[in-house]
Amino acid sequence: MLTSHGRFIFGGDWNPEQWDESVWERDIDMLKDAHINEATINVFSWAQLQPSLERYDFSVLDRIVSLLVSNDFNIILATSTAALPGWLVREYPDVLRMDADGVRHVFGGRHNFCPNSVVFRRLSSKLAGALAQRYSDVAGLRYWHVGNEYGGGGGMCYCPRCAERFRTWLRGKYGDLDSLNRAWCTHVWSHTIVDWADIVPPVTFGDGIGVEKAVISGLLLDYRRFQNQAQLDCFINERDAIRRFDRQTPITTNLMGTFKDLDYFSWGKQMDVVSWDNYPGMDTEPSYTAMCHDLMRSVGGGKPFLLMEQTPNQQNWFPYCAVKKPGEVRALSWQAVAHGADSVQFFQLRQSLGGCERFHGAVIGHDGTEKTRVFAETRRLGAELADIGAGISGSAVVSRVAIMFDWDSYWSLEGCVGPTQGFSYPREIHRFYKPLHAMNVSVDMIESTASLETMMKYSLVIAPTLIMVKAGVGERIGEYVSRGGRFVTGYMSGIHDENDLVIPGGYPGPLREVCGVWVEEMDALAPGTTVPVVFESGGKPRGGRIIADVMHLETAESLAAYAGDSFYSGTPAVSVNRHGDGFAYYVGTALDESGMNDVIVPILKDLGIPMIHTPEGVEVCRRWRGEGDCVEFLMNMTDREYAGDVRLAPYEVRVSPRREK
Ligand code: GLA
Ligand code: ZN
């Protein structure tokens, strides 16, 4: 029999310290009525928990916890360290982050600590430890939630202490200045480093071209790696403090999908379970959200993840915040579950009366009643999850296709000065993801440094804009293809080594042999313009955007050629190369949707991967409970009716168990 703590987690952030205690019990009654069984608490309470350096006061938290325990709630207990209390800032002003213009933050805001602050490290781990010591035996404690959205909002820290630590980090990495100067190509613009003390973070008034690009891109790249590690060390620091008092409760922190500043693959390795916050905007395509779920599942090693936050109605922080349409939140929730979530959680369970999040959607609104549409929809979803959620928990998403998502390439591609500023790395990943999604083919994300064994689990591996090819990666891809794998890559791939230096000898460098092409030039296309691309297989001309590689076939064959009036009209735009027992495809331009389908669909056909074509926003997913035993999710993520083999009303979702061979 399931205890209440074995239920599918349905709940979210509850911040009762923000309102009168007389309301708390009423909240709980209402939440229970909506089948809510979990509360994430204590996310931003540092100032109340520790009124001064010498004193903790857990009295309010004790009352919150005991109310939840007596109501048999699951608890996700946060460590409260993502916003600094006033006294801490007053006594140690340099605990705060400094931005790229050299401005030190002041008290206020959140996500604003310097990740290298010794004081922050000491006090945050002390608090996390004190919480673990006090609450680790609490009935219903399901997860620890460390900090909140690391890196969110604040950007990287550029303070003098970070600069000093960075120099030490670089000494450890490069050993001597000759190696560093070589790795960074510093003789450009007289940037030669003659003393370690001369190294400055890529600040706006120094080497930074804004904060996204720098004169010496190796410097920017190393700074990003260094800051990622510093933030991660803050998480590890609190995690380990909890572990001293609680040996078993899994520990997480909430990630943010394709967030740029943190290499989430490195984070996933340090977390017991991955959780993330899903906030699609008005114009986020459902396939983009699906991709984010797949990425989050994958950084957690493929295990189920937690949907730590989503809004039960509108957000407050977009410039224009539409309300969620009837059925939309339910559809978004099931989409998360279909892609591997083992929880559905909201920010937030009740709206506060003040502060900047008072107009953020909540299960209980300012009216304080159960009479709202949002409440009714939450209750309906809760009933459904209570009914079938537990039977889905723990089941697996199985994929035969993998996409390489590489944070170094993310930083390198968007950090490039030239040949175009038209690229957003996640958008390019999505360009290659979309035809798979349209065919309802499940996708895992892997690191570019994945082992050959990992790669061999997939029939198809795709590496969009893999601009940075680290040592050994090109060889492994070659081996994967020669053993029968299919590999797809293209424009802006195979250009840089791990230091962001061009690999000489012709693009795409280490991928040239396996792809059988030499890219001689990269033509940037003006925004909104396209170059026509004609596929050998026939059909209407497709459009290439952003960039057009002018390339030569070495051992490859052409699959499509440029048309139009450019000087490279008639030359190859897409190619395929037989390499050992497999094939490598090179896509020379950022193709429109039909063009991407023309590349990907024939490969899926060749591989015999089952395809079900549905328009954008209609999805079919499966989670596997065992051999031949799956749950199928049929979802219409749009506000339009879908009339295919089945008819789906706007935002309709059907979940059904299936037996399959
Ligand atoms: C983030 C934070 C929450 C809350 C929501 C609002 O995800 O983690 O504390 O501010 O945004 O959308
Ligand atoms: Zn700093």
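Student: In which loop is Pro 508 found?

Tutor: Pro 508 is found in the loop between strand S15 and helix H17 (512-515). Helices (H or I, at least four residues) and strands (E, at least two) are DSSP runs, numbered from the N terminus. This is a predicted model, in which local features need pLDDT of at least 70 and side-chain atom pairs count only at pLDDT 80 or more, while totals for chains, interfaces and linings use all residues. Residues are numbered from 1 along each chain as its sequence is written, chains are lettered from A and ligands numbered from 1 in the order in which they are written, and side-chain values use heavy atoms, with hydrogens and water left out.

Student: Is the peptide bond from Tyr 507 to Pro 508 cis or trans?

Tutor: The bond from Tyr 507 to Pro 508 is cis, with omega near 0°. The bond from Gly 418 to Pro 419 is also cis, with omega near -5°; Pro 419 sits in the loop between helix H13 (407-415) and helix H14 (425-438).

Student: What is notable about the phi of Met 492?

Tutor: Met 492 is not a glycine, yet its phi is positive, at about 60°. Met 492 belongs to the loop between S15 and H17.

Student: Why is Met 492 called buried rather than exposed?

Tutor: Buried means under 20% relative accessible area, exposed over 50%, and partly exposed in between (1.4 Å probe, protein chains only). The relative accessible area of Met 492 is 3%, so Met 492 counts as buried. His 35, in the loop between helix H1 (24-33) and strand S2 (38-41), has a positive phi near 65° and is likewise not a glycine. At 33% relative accessibility, however, His 35 is partly exposed.

Student: What makes strand S15 largely enclosed?

Tutor: Five of the five residues of S15 (residues 486-490) are buried, and therefore the rest of the structure largely encloses this strand. Its two faces are covered: Arg 486, Val 488 and Gly 490 are buried on one side, and Phe 487 and Thr 489 on the other.

Student: How do you know that S15 pairs with strand S14?

Tutor: Two strands pair if DSSP finds at least two bridges between them. Strand S14 (residues 460-462) and S15 are joined in the parallel sense by three bridges, so the requirement of at least two is met. As an example, Leu 460 has Arg 486 in S15 as its bridge partner.

Student: What makes strands S7 and S11 the edges of their sheet?

Tutor: Six strands form an open sheet, in the order S7-S4-S3-S2-S1-S11, with parallel pairing. S7 (251-252) and S11 (343-346) each have a single partner strand, so one side of each has no neighbour in the sheet. Inside that order, S3 (residues 74-78) and S4 (residues 141-145) run parallel and are joined by four bridges; among the partners, Ile 76 is matched with Tyr 143 in S4.

Student: Why is the site of the zinc ion (ligand 2) called tetrahedral?

Tutor: Donors are N, O and S atoms within 2.8 Å of the metal (3.2 Å for Na, K and Ca), and sites may look incomplete because water is not among the atoms. The protein donors here are the SG atoms of Cys 114, Cys 157, Cys 159 and Cys 162, lying 2.3 Å from the zinc ion. Four donors count as tetrahedral if all angles lie between 85 and 135 degrees; four count as square planar and six as octahedral if opposite donors are over 155 degrees apart and all others between 65 and 115; anything else is irregular. The angles among the four donor atoms are 101 to 115°, and the site is tetrahedral. Among the donor residues, Cys 159 is buried at 1% relative accessibility and Cys 162 at 0%.

Student: How many disulfides does the structure hold?

Tutor: The structure holds zero disulfides. A disulfide is a pair of cysteine sulfur atoms within 2.5 Å. For Cys 630, the closest cysteine sulfur is that of Cys 621 at 11 Å, which is too far for a bond. Cys 630 is buried, at 0% relative accessible area.

Student: How does the span of helix H8 (residues 217-243) stand against the expected span?

Tutor: The expected span is 1.5 Å times one less than the number of residues. H8 has 27 residues and reaches 38 Å from its first C-alpha to its last, close to the expected 39 Å. Since 21 of these 27 residues are buried, H8 is largely enclosed by the rest of the structure.
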